[in-house]
Amino acid sequence: MVFPTRGTLGAAALCLALASPAVHAEFPERAITMVVPTAAGGGNDTLARVIGQKMGELLGQTVIVVNKPGAQGAIAADYVARQPADGYTLMLGYIGTHGINPALQKLNYDPVRDFTAIGMVADSPTLMVVSSSIGVQDVPGLLKYGQAHPDGLSYASAGPGTAPAVAGELFNRATGAAMLEIPYKGSAPAMTDTLAGVTQVMFPSLFSAYPHLKSGKIRALGVAGTRRAKVLPDMPTLAELGVPGVDVAQWYAVFAPANADPQVVAKLNTALNGALNDPAVAAKIDDQGAEVRTSTPAELAAFVREEAVKWKKLASTIHAAL
């Protein structure tokens, strides 16, 4: 699934969609809540606040960001799925809530059936990073470190079934490494311990890791995806480094509960794409290492269906270890 890049919606279309009396002129009449399925301070949280502020300006109402971490995003997803489909409760979903986790576990929600797709927000490569405290410079060095410290090499994840957890397990399988997963309730606390050297390795999104790379407390070893990151053009993929199959590109999108009114959905999609097309918003997202991706609701819905199929195929091979 290829999404249009920012700039695909013109200013005229934005004004018409938001101002047209035929598109539920009464919506929104009050604040909108955007639920984030991870802890405050992580990449998901930052992204929600950046787009939420601009969406609120375009819609004429405040967008309130609420964090509901836990159960690899399932708590937030189940909560949103049960809310009224009136457009006032949204969710910043991501690969964990609408891709990996539903494929690995029996949950109380279905990522396709129980949500209305609003629009894609961004995607971000997954990086393999190491704490600078262990002095590792590259993947071969990490593997040698693991051999020398068989009980002392661990990787932080945002919880079982999340993208960092899956990437770590795929790396273990591809290399024969025996890194121990240390699960956290979200990427933010996982990153905190990796920065401190409590855990040695992590597979965060570039969006989460990029600000910390500049500090020198963590070092990126490779991209866990099929292509290099735009902001790190000299950083090879793990496949280029001889570690194939570690492909966990992370993505972010906005959803509402199932059966939301099509006109409300259209208005929300227009506001979302309008926010993403705003140069200041796009710059903030780009500066963090993510890449803006806009879409129609139909395009996002089709993409989520594709993700469901993809991760169900992989579930049988990685489920036992997660």
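In the predicted model, strand β3 pairs with strand β10, which spans residues 250-257. The pairing is antiparallel and runs over four bridges. Within it, L92 has V254 of β10 as its bridge partner. Strand β3 also pairs with strand β1, residues 32-36. Here the two strands run parallel, joined by three bridges. V35 is bridged to M91 of β3 in this pairing.

The surroundings of β3 were examined next. The strand covers residues 89-94, and six of its six residues are buried. Buried here means under 20% relative accessible area. Strand β3 is therefore largely enclosed by the rest of the structure. Its residues point in two directions. T89, M91 and G93 point one way from the strand. L90, L92 and Y94 point the other way. Residues on both sides are buried. Thus M91, the bridge partner of V35, and L92, the bridge partner of V254, point opposite ways from β3.

An open sheet was also found, formed by five strands. Their order is β7-β6-β8-β5-β9, and the pairing is mixed. Strands β7 (180-183) and β9 (218-223) stand at the edges. Each has a single partner strand, so one side of each is left without a neighbour in the sheet. Within this order, β6 is followed by β8. Strand β6 comprises residues 154-157, and strand β8 comprises residues 201-202. These two strands pair in the parallel sense, over two bridges. A156 stands opposite M202 of β8.

Technical notes:
Residues numbered from 1 in each chain as written. Predicted model: local features only at pLDDT ≥ 70, side-chain atom pairs only at ≥ 80, totals over all residues. Heavy atoms only, no water. Buried < 20%, exposed > 50% of the residue type's maximum accessible area, 1.4 Å probe, protein only. Pairing = 2+ DSSP bridges.
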